[in-house]
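Me: I have a structure to read and a bench to get back to. Can you take me through it feature by feature?

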Amino acid sequence: MSQLPSRRAMLRTAATAAGAVVVGFDPIGRTWAAAATAADRADGTLVGLPHLDGTLLTDDASLGAAADDFGHIVHRTPVAVLRPGSVDDVVAMVRFCNRHGLKAAPRGQGHGTSGQAQVDGGLVVETTPLARIGPVGPRSRTVTVGAGAKWSDVTRATLAHGLTPPVFTDYLELSVGGTLSVGGLGGQSHHHGAQVDNVTELQVVTGAGELVRCSPSRHRDLFEAVLAGLGQCAVIVSATLRLVKAPTTVRHYLLPYHDLGTFLADQRLLVTDGRFGYVEGQVVPDADGAFRGYVLEAVSYDAAPDDAALLAGLHHDAAGVQTEDLGYFDFLDRLAASVAALKAAGLWDFAHPWLNLLIPGEKAAEVAGGILDALTPADLGPGVVLLYPLLRERLHRPLLRTGQDPVPYLLAVLRTTPPQDTATVDRLLAANRTAFEATRAAGGTQYPVGSIPFGRADWRVHFGSAWPALAAARRRYDPRGILVPGQGIF
Ligand SMILES: Cc1cc2nc3c(=O)[nH]c(=O)nc-3n(C[C@H](O)[C@H](O)[C@H](O)COP(=O)(O)OP(=O)(O)OC[C@H]3O[C@@H](n4cnc5c(N)ncnc54)[C@H](O)[C@@H]3O)c2cc1C
């Protein structure tokens, strides 16, 4: 049954409450009331808000921002945005939503690409204020951070102690809660798994509004339902992260290839023998616009890297090798300059109908090759194509689905296209679906951060053997099913 307020009610909300302090909620009209309106309502139909340390925002600008994300494709307007002043605020408002049948979703940096953190007619919970970091435990080699902390800030704090989280996404300005809800994959994953494999404890607010600590030894079902759980059972409010000793400098290698099979085989060799600390790769168009150029990106964390030993047995084009020594943080933060340039050029505000697939290694040449053959530079725009392998034996969280192959390859076609050209966006979304179906038919799946049209039946197949546990955790921890409708799973 729909819980959505009418469009008229939503417009009324925005108009009356813009800039005013919200003091009550009308559960029948599904509107918030500002102080002035509330004074007129002596009929007792208004429900008082819980005490909040932070703010409940209903102004147009806040609602508009929460109705958008990095994809700029899907727009669902909430009725309010919580900017919490404390974890208690999250508890109070999730309970409130639970009681009144309002949907709710946490939002970190809003870098999903298809409305994952949006809530039509419900509550968006900003996690950015929950950004406390530390203290860093040099002995325990852990740090506890607020879910809204960005990985860039977490890393700066831990590096002050010579320690680092072991796995990074390519872009550091994502929230800890946001990446832990999807998985968090990067070039270090063949050594350390995903970011979700490097969490020792979580503090969460369940969909029923209970504040719970969970870990592998405490409420394990909840711990496993939250990590890579796409927000379906609880809001992460803090996470305790495993740390390792940080290198100070790294050597970065770019190795060109002209043949997909050779590129994939060398990548597989490197993630299997583990000689590099980081392995990724890109596919680039040739002079004719065909995606037939391959660049293997590898990084050595060794203090004194031996180029000859590190490159032994590889089949790249030796003439085009590039190496560079970088400070460790500069390497992790390597996208910062290009993101600044994209923002300056207005391209960050373009639509991002991203395609993120996990293709079985055995079929990677055939499936990725087919998808790349169909790709044109125009349909990629100023985005990039990433292609690199993971090791399944390092991935231990049940909800991060990768298929059965021991070496799944992540193929990320990071399309960037003008948002106003909706016909092109729709065509690219349809192309994403076609590519996904080829991947699924080969035993692969999607990495759910992109924009693939996906229905409830698809999600059941996606979660496969993990579906019964996820569904049970949802019934237990979010019995009214209020959390994160934007994923479209339940
Ligand atoms: C430029 C860029 C580079 C990227 N690179 C990588 C990469 O290298 N590797 C990789 O794995 N991913 C990568 N991603 C994808 C990224 O990890 C996900 O989109 C991630 O969810 C974004 O984090 P966020 O803080 O913006 O989350 P949001 O977009 O705010 O939220 C994403 C989802 O998580 C839920 N959520 C957010 N916070 C919480 C919380 N505290 N508790 C429970 N659920 C929550 C939301 O409701 C929503 O459903 C990249 C994305 C971008 C835009």
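Me: Let me start with L82. In which strand does L82 lie?

Reply: The model is predicted, so read every value as computed from it. L82 lies in strand β5, residues 80–83.

Me: Is L82 buried or exposed?

Reply: Compare the relative accessible area with the cut-off: under 20% means buried. L82 has 0%, so L82 is buried.

Me: What is L82 in contact with, leaving aside its neighbours within four places in sequence?

Reply: There are contacts on both sides of L82 in the numbering. Earlier in the chain they are L52, T55 and L56. Later come D89, V90, M93, L123, V124, V125 and E126. As for T58, its C-alpha is 9.0 Å from that of L82, with the two positions 24 residues apart in sequence.

Me: Now a residue outside a strand. Where is H316 found?

Reply: H316 sits in a loop, the one between α10 (307–311) and β18 (322–327). A loop position does not settle burial, so check the area. H316 is at 15% relative accessibility and therefore counts as buried. Beyond its sequence neighbours, H316 contacts L255, P256, Y257, D266, L311 and V321.

Me: And T45, buried or partly exposed?

Reply: T45 has a relative accessible area of 27%, so T45 is partly exposed. Its place is the loop between α2 (35–40) and β3 (47–48). T45 touches F25, D26 and P27, with residues up to four places away left out. G24 is 21 residues from T45 along the chain, and their C-alpha atoms are 9.5 Å apart.

Me: Next, side-chain pairing. With which side chain does R251 make a polar contact?

Reply: Look for a pair of N or O atoms within 3.5 Å. The side chain of R251 pairs with the side chain of D325 at 2.7 Å. R251 is in strand β15, residues 249–257. Its wider contacts, sequence neighbours aside, include A298, V299, S300, P305, D307 and E324.

Me: How many disulfides does a search of the whole structure find?

Reply: A disulfide is a covalent bond between the sulfur atoms of two cysteines. Here the search finds zero.

Me: Why is C214 not bonded to C233?

Reply: Distance. The closest cysteine sulfur to that of C214 is in C233, 10 Å away, which is too far for a bond. The reverse check agrees: C233 is in no disulfide, and its nearest cysteine sulfur is that of C214. C214 is buried, at 0% relative accessible area. C233 counts as buried too, at 1%.

Me: Let me turn to the backbone. Which residues does a cis peptide bond join?

Reply: Read omega for this one. The cis bond joins G134 and P135, with omega about 10°. P135 lies in strand β8, residues 133–137.

Me: What is phi of H219 near?

Reply: Check the sign, and check whether the residue is glycine. Phi of H219 is near 45°, a positive value in a residue other than glycine. H219 lies in the loop between β12 (211–214) and α8 (220–226). At 39% relative accessibility, H219 counts as partly exposed.

Me: And phi of V484?

Reply: Phi of V484 is near 50°, again positive in a residue other than glycine. V484 is in the segment after α17 (467–477). V484 is at 6% relative accessibility, so V484 counts as buried.

Me: Last, the ligand. How many residues surround the ligand?

Reply: Start with the shell, then go to the atoms. The shell has 34 residues, and the closest are P106, G108, S175, S181 and Y447. By class, 16 are nonpolar, 16 polar and two charged.

Me: Which atoms of G108, I236 and Q487 lie by the ligand?

Reply: Separate backbone from side chain. A backbone N or O atom of G108 is 2.7 Å from a ligand oxygen. A backbone N or O atom of I236 is 2.9 Å from a ligand nitrogen. For Q487 a polar side-chain atom is placed 3.0 Å from a ligand oxygen.

Me: What percentage of the ligand's accessible area does the protein cover?

Reply: Take the area of the ligand on its own, 960 Å². The protein covers 95% of it. The elements that give two or more residues to the shell are β6 (104–107), α6 (176–180) and β13 (234–242).

Notes: Residues are numbered from 1 along each chain as its sequence is written. This is a predicted model: local features need pLDDT of at least 70, side-chain atom pairs count only at pLDDT 80 or more; totals for chains, interfaces and linings use all residues. Side-chain values use heavy atoms; hydrogens and water are left out. A residue is near a molecule or strand if one of its heavy atoms lies within 4 Å of it. A polar contact is a pair of N or O atoms within 3.5 Å; within protein, one must be able to donate a hydrogen and the other to accept it, and residues adjacent in sequence count only if both atoms are side-chain atoms. Accessible areas come from the Shrake-Rupley method with a 1.4 Å probe; for residues, only the protein chains shown count as cover. Helices (H or I, at least four residues) and strands (E, at least two) are DSSP runs, numbered from the N terminus. Ala, Val, Leu, Ile, Met, Phe, Trp, Tyr, Cys and Pro count as nonpolar, Asp, Glu, Lys and Arg as charged, and the others, Gly among them, as polar. A disulfide is a pair of cysteine sulfur atoms within 2.5 Å. Buried means under 20% relative accessible area, exposed over 50%, partly exposed in between (1.4 Å probe, protein chains only). Contact means heavy atoms within 4.5 Å.
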